[in-house]
Amino acid sequence: METTITIKNLTKNFGNVMALDHVNLVIEPGTFVTLLGPSGCGKTTLLRCVAGLEDPDDGEIYIGDQLIFSHAKGISVPPGQRNLGLVFQNYALWPHMKVEQNITFALEIQKMPKDEMKKRVKESLKEVQMDGFEDRYPREMSGGQQQRIALARMLAYRPSVFLMDEPLSNLDARLRMDMRAELKRLHHISGATTIYVTHDQVEALTMSTRIAIMKQGVVQQFDTPDKIYHFPVNLFVADFIGNPKVNLLDGKVSGKNVVDIGSFTIPVDTSRASGEVVVGIRPEDIAILEHPEPGTVEFSAYSVLPSGADSTIVARLGTTELTVRVMGITKIKMDDKIWLKFDAKTLNLYDKESGNLVSCNN
Amino acid sequence: MVTISINQKLVGTRKSYETIGGRGFVSTPSKLRNWKKIVLTIVIVFQLTVLVIPLGLLTYDTFLLRSGDFSFDNLTLQNWIGEANPDYNDGQPGVLLNARIWKSAWNSIKLALYTALFTALLGVILGYAIVKGRGTRLSRWVEQLAYIPYVIPGIAFGAVYISMFAKKIGPLPSLYGTFALLVIVSVTKHLPYSSRSGVSAMMQVGHELEEAAMVAGAGVWKRWRSIIFPLTRSGFVSGFLLTFITTMRELSLIILLVTRETQLLASQTMWYVENNLDQMANIVIILLVLITVTGDAIIGRLGKGSLQKGLGA
């Protein structure tokens, strides 16, 4: 069940809106790839194009070696013949069928023998820990249970590709956590190549092998969660990923490896930068000291927000505001004087005009 | 046309809500508390005045030998089952003994069933097409077209069909005097209602339910049979019932089109009234009501099934 998905130059318009703009992605066999972005970025459209529920205006899609869509060659394989499973945001269980019928629907179409079908129903229900629910109607189950059945329905016919369209967004926060672990586990066991659509960055970061961040139909960055988080290729990705948000400071390259922010300077590799730049600093990459030291900058604690496992401190100097995150509950109080220390190795430098990453000290 | 467009603007552009999603739902009856008795009284009084009393009077009237004389010795069964007698009712036999009436009744039932079946089917298919293409010009156009018969008076509609089908014109065959023409005109006349109920039934079915079936490998026919049709069955049944009932009692539409062979119950009432036989006309009306109510009950019973169970209705 090791299947590569290759997307070439995929373009899709809805009227005047370009939902997909020459998208190219190679999704390696057995990986868990998340399409992440704000609403309207084209992530769901891309998924629906792979599923065959939407025909792109241009480009090609391969699943394994099979060309399943090509605008130029006029090929569009029907969804049912692409050997893929799709889980919908609102489960899309057929309300007039019992769980068993929901699961066997696809198997009947494949003309599977009756006893084999029974076995598959049992197995797939077991895999989602819903054994014994064969005779329930969808409305007789909770949202989380229905979503598990939707998963079982997909698992039962063993597709080589899993497609999931925000499958957890209708569940409450706690259930979502459990289901994340469950989904990751299912992917691990089945080894099916998975494309997962979400607007929830935590979901993307925790579950994916790789993340494709999209904006207005264009893939901004396709990389591992680690790279996406630590080395966003442009200001959009930097700003989109991370909670609390990344600190973005406007500045000017004022000397070798020095960026002038205005009221203070930050040491950073400027070998490939000049003129107006933006410095990106993750809140946890700033150290807070309670006493001055060489190379620190004096701020005052504007607001302190402890939340158990970590604390967020909003630091101010004149009009410059920085968000700093420290582990545990901090002893710092509001209006305390604090000294911030920047580590050149953790800073990213962006060109102000293009918004692109020019240097990252890794 | 203007009002249709306005209706489309108001209804069509608003966000529509799908109620049959992939998720279940629970019904919550509203509690009336103290209002219960008051509401109940109003409903009963209303039904008495508009339904029970008029129907009762109408029934009583059919047992009168001379219309308008409510005295006890004026009661008779002559209108119902009397042999033909030149002294009464212009020599017409009692309604139940009249072969013409039985034939008309059978014609009416046949017409209502055929019309209801075709109209409801067309309604669901039209509803599907309109909902799928929602927002496109073609979809709006189809929806408006299906609405046009609504604004044309029945009698004018009948007249149009007479001139269209009186003799063979080009590809149009001569259908005047045939039962088929009655079906065609009735189907067309009722399309506005059934396409409306088709649209609302389709709007309730989430599009991802069909998409899930597509991904599972179901072809068009399988999707209709297993998913779309079962889920819109209530829409189909209500379209069917509505058409069945209105076709049964439809008069103005078909009055110009019926011939000796294709008489209907509704047109028989007209004939009796024209001949000053009001009591007998009333009997036909009672027959009509009985057939309609019985048909309604049977169809309603047949229309229920796994859907109601699955949806908890």
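## A histidine contact, empty spaces and two cysteines

The backbone oxygen of Ser226(B) lies 2.6 Å from a polar atom of the His96(A) side chain. This is a predicted model, and that distance is computed from its atoms. Start here, with the histidine. His96(A) sits in a loop of chain A, between strand S7 (84-87) and helix H2 (99-109). Its relative accessible area is 9%, so His96(A) counts as buried. Now look along the chain to Pro138(A). The two residues are 42 apart in sequence. In space, their C-alpha atoms are 8.1 Å apart.

Next, the enclosed spaces. Rolling a probe the size of a water molecule over the atoms shows where empty space is left. Across the whole structure, a search finds 4 cavities of 30 Å³ or more. The largest cavity has a volume of about 80 Å³. Chain A and chain B both appear in its lining. From chain A come Leu86(A), Phe88(A), Trp94(A), Ala150(A), Arg153(A), Met154(A) and Tyr157(A). From chain B come Ala212(B), Val215(B) and Ala216(B). Two helices each supply at least two lining residues: H4 (143-156) of chain A and H8 (207-215) of chain B. H4(A) gives the most, with 3 residues. By class, the lining of this cavity has 9 nonpolar residues, 1 charged and no polar.

Turn to the open spaces. The second largest pocket has a volume of about 250 Å³. It is lined by 13 residues, and those closest to its centre are Leu113(B), Phe240(B), Gly295(B), Ile298(B) and Ile299(B). Three helices of chain B give two or more residues each: H4 (99-132), H10 (233-249) and H12 (278-303). Which helix gives the most to the lining of this second largest pocket? H12(B) does, with 7 residues. The pocket lining divides into 10 nonpolar and 3 polar residues, with no charged ones.

Last, the cysteines. How many disulfides are there over all chains? The count comes to 0. Why is Cys41(A) not bonded to Cys49(A), its closest cysteine by sulfur? The two sulfurs are 13 Å apart, which is too far for a bond. A disulfide needs the sulfur atoms within 2.5 Å. Seen from the other side, the nearest cysteine sulfur to Cys49(A) is that of Cys41(A), and Cys49(A) is in no disulfide. Are these cysteines buried or exposed? Cys41(A) has a relative accessible area of 1%, so this residue is buried. Cys49(A) is also at 1% relative accessibility and therefore counts as buried.

Methods
Residues numbered from 1 in each chain as written. Chains lettered and ligands numbered in written order. Predicted model: local features only at pLDDT ≥ 70, side-chain atom pairs only at ≥ 80, totals over all residues. Heavy atoms only, no water. Helix = DSSP H or I, 4+ residues; strand = E, 2+ residues; numbered from the N terminus. Buried < 20%, exposed > 50% of the residue type's maximum accessible area, 1.4 Å probe, protein only. Polar contact = N/O pair within 3.5 Å; in protein donor to acceptor, adjacent residues only side chain to side chain. 1 Å grid on protein atoms, 1.4 Å probe; cavity = no way out; pocket = protein on both sides within 12 Å on 5 of 7 lines; lining within 4 Å. Points joined across faces, edges and corners; volume = space filled by probe spheres on them. Nonpolar A, V, L, I, M, F, W, Y, C, P; charged D, E, K, R; others polar.
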